[in-house]
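Visitor: I'm new to this one and would like a patient walk through it. Could you put it up so that we can talk it over?

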Amino acid sequence: MPQGRDALQGLVETLSPSVHYEPGLIIAEGDLVAIHGRIRGWADEPQVVVDIFRVEGGKLVEHWDVLQNEVSVSGGVAGLSMFDPEEGASRAG
């Protein structure tokens with residue numbers, strides 16, 4: 001995917017209405033913002049994603065991401081959920 005706000009906006013505008021993104025934990029430090037989320041309808045299985053954005057002058061200038069098919073709690077070795085939509089709420093203050 002090309003870098004920048006226009007590329008991200010173009011991608012979002014072409015998504016099917018069946019695609020749903022759930023943000024979870026959001027971390028910001030300096031010019032970097034990371035969002036741990038889950039996306040459904042993008043692929044055959046729900047995916048857990050970490051998006052990292054670099055912001056300059058209030059605009060997105062770079063983007064990196066990692067996506068992995070979501071594994072159920074019972075399918076994981078640790079017995080923990082890969083994503084909890086409330087994970088960020090417990091840290092909000």
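**A walk through the model**

Guide: Let us start with Ile 52, which lies in strand S3, and please keep in mind that what you see is a predicted model.

Visitor: OK, is Ile 52 buried, exposed or partly exposed?
Guide: Ile 52 counts as partly exposed, because its relative accessibility is 33% and the partly exposed class covers what is neither under 20% nor over 50%.

Visitor: And which residues make the nonpolar surface patch there with Ile 52?
Guide: Leu 32, Val 50, Trp 64 and Val 66 make the patch together with Ile 52, and the patch has an area of about 400 Å².

Visitor: Which strands each supply at least two residues of that patch?
Guide: Strand S3, which covers 47–56, does so, and so does strand S4, which covers 59–69.

Visitor: Let me step back a bit. How many helices and strands does the protein have?
Guide: The protein has one helix and four strands, and if you follow the chain from the N terminus, the order of these elements reads α-β-β-β-β.

Visitor: What about the overall dimensions, and what share of the residues counts as buried?
Guide: Taken along the principal axes, the C-alpha atoms fill a box of roughly 45 × 35 × 20 Å, and of the 93 residues in the protein, 18% count as buried.

Visitor: New topic: how much space lies in the largest pocket?
Guide: The largest pocket holds about 360 Å³ of space. It is lined by 16 residues, and those closest to its centre are Leu 8, Leu 11, Tyr 21, Ile 39 and Asp 51.

Visitor: Which elements each supply at least two residues of that lining?
Guide: Helix H1, at 5–14, is one of them, and strand S2, at 32–40, is another, while S3 and S4 each supply at least two lining residues as well.

Visitor: And what is the lining like by class?
Guide: By class, 13 of the lining residues are nonpolar, one is polar and two are charged.

Visitor: Speaking of charge, how many salt bridges are there?
Guide: The count comes to five salt bridges. As general background, side chains of opposite charge can pair when their charged atoms come close.

Visitor: Which residue meets Arg 38 in a salt bridge at 2.8 Å?
Guide: That is Glu 70, whose side chain meets the side chain of Arg 38 with 2.8 Å from N to O. Arg 38 belongs to strand S2 and Glu 70 to the segment after S4, so this pair ties together parts that stand 32 residues apart in sequence.

Visitor: Are the two of them buried or exposed?
Guide: Arg 38 counts as buried, because its relative accessibility is 9%, whereas Glu 70 is partly exposed, with a relative accessible area of 22%.

Visitor: What does Arg 54 pair with?
Guide: Arg 54 forms a salt bridge with Glu 56, where the closest N and O atoms are 3.0 Å apart, and another with Glu 62, where the closest N and O atoms are 2.5 Å apart.

Visitor: How accessible are those three?
Guide: Arg 54 counts as partly exposed at 21% relative accessibility, Glu 56 is partly exposed with a relative accessible area of 48%, and Glu 62 is partly exposed with a relative accessible area of 26%. Elsewhere, salt bridges that share partners join Glu 22, Arg 38, Arg 40 and Glu 70 into one network.

Visitor: Last topic, distances. How far is Leu 67 from Gly 37?
Guide: Their C-alpha atoms are separated by 9.6 Å, although Leu 67 and Gly 37 are 30 residues apart along the chain. Leu 67 is found in strand S4 and counts as partly exposed, with 37% relative accessibility.

Visitor: And how far is Gly 10 from Ala 89?
Guide: Between the C-alpha atoms of Gly 10 and Ala 89 there are 30 Å, and along the chain the two are 79 residues apart. Gly 10 sits in helix H1, where it is partly exposed with a relative accessible area of 29%.

Visitor: One more: where is Ser 72, and how far from Ser 16?
Guide: Ser 72 has its place in the segment after S4 and is partly exposed, with a relative accessible area of 42%. From Ser 72 to Ser 16 the C-alpha separation is 25 Å, with their positions 56 residues apart along the chain.

How values were computed
Residues are numbered from 1 along each chain as its sequence is written. This is a predicted model: local features need pLDDT of at least 70, side-chain atom pairs count only at pLDDT 80 or more; totals for chains, interfaces and linings use all residues. Side-chain values use heavy atoms; hydrogens and water are left out. Patches are made of residues with over 30% relative accessible area and no salt bridge: like charges are joined within 9 Å, nonpolar side chains (Val, Leu, Ile, Met, Phe, Trp, Tyr) within 5 Å. Accessible areas come from the Shrake-Rupley method with a 1.4 Å probe; for residues, only the protein chains shown count as cover. A salt bridge is a side-chain nitrogen of Lys or Arg within 4 Å of a carboxyl oxygen of Asp or Glu. Buried means under 20% relative accessible area, exposed over 50%, partly exposed in between (1.4 Å probe, protein chains only). On a 1 Å grid over the protein atoms alone, a cavity is a set of points where a 1.4 Å probe fits but cannot get out, and a pocket is an open set with protein on both sides within 12 Å along at least five of seven lines; lining residues have an atom within 4 Å of a point. Grid points are joined across faces, edges and corners, and a volume is the space filled by probe spheres set on the points. Ala, Val, Leu, Ile, Met, Phe, Trp, Tyr, Cys and Pro count as nonpolar, Asp, Glu, Lys and Arg as charged, and the others, Gly among them, as polar.
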